[in-house]
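This report describes the fold, the first helix and the nonpolar core of one protein chain.

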Amino acid sequence: MSQIQDRAQLVRALHDAAEIEQQLMCSYLYAAFSMKKDPDDGCTPAQLEYVRRWASVLYMVARQEMEHLSLVNGMLTAIGEPPFFSRQNIGPAGLLSPYFSAPVLAAAGHAGPEPVSLP
């Protein structure tokens, strides 16, 4: 990865970091909120206890992502920039969304080497 040379590159890198942290946070929260909350025919009370443990781990990781987002926005405000909460929705295509393709990321002016398309 190339070094950040000027303020514009720093702001762009921090915006990218904020967007990534927010996307990860939302993904973990979505997964945790999507888990079963009550036993039913497909989930015994014993299995539900495993589900609850997994959910608690997901909530913990989501909270860590929130902390990272806070740190990034703290860095932005420290250099006189407003906090950054803008993000593109992943959408139904998931990581196969065109937003994550190398040409789109490169055209967006992301610093560093040519982005790699995700499989």
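The text below goes from the overall make-up to the packing of side chains.

This is a predicted model, in which local features need pLDDT of at least 70 and side-chain atom pairs count only at pLDDT 80 or more, while totals for chains, interfaces and linings use all residues. Residues are numbered from 1 along each chain as its sequence is written, and side-chain values use heavy atoms, with hydrogens and water left out.

The protein has three helices and zero strands, where helices (H or I, at least four residues) and strands (E, at least two) are DSSP runs numbered from the N terminus. Two totals are listed here.

| Property | Value |
|---|---|
| Buried share of the 119 residues (buried: under 20% relative accessible area, 1.4 Å probe, protein chains only) | 24% |
| Exposed area (Shrake-Rupley method, 1.4 Å probe) | about 8100 Å² |

Carbon and sulfur atoms supply 63% of the exposed area.

At the N-terminal end of H1, Asp-6 acts as a cap, with a side-chain oxygen 3.3 Å from the backbone nitrogen of Ala-8. The buried residues of H1 include Glu-19, Glu-21, Gln-22 and Gln-23, and the buried residues of this helix pack against H2.

The largest nonpolar core (buried Ala, Val, Leu, Ile, Met, Phe, Trp, Tyr and Cys residues joined through side-chain atoms within 4.5 Å) has 10 residues, among them Val-11, Met-25, Leu-69 and Phe-84. Helix H1 (7-34) and helix H2 (45-78) each give two or more residues to this core, and H1 gives the most, with five. Leaving aside residues up to four places away in sequence, Met-25 touches Ala-62, Glu-65, Met-66 and Leu-69 (contact: heavy atoms within 4.5 Å).

Notes
Buried means under 20% relative accessible area, exposed over 50%, partly exposed in between (1.4 Å probe, protein chains only). A polar contact is a pair of N or O atoms within 3.5 Å; within protein, one must be able to donate a hydrogen and the other to accept it, and residues adjacent in sequence count only if both atoms are side-chain atoms.
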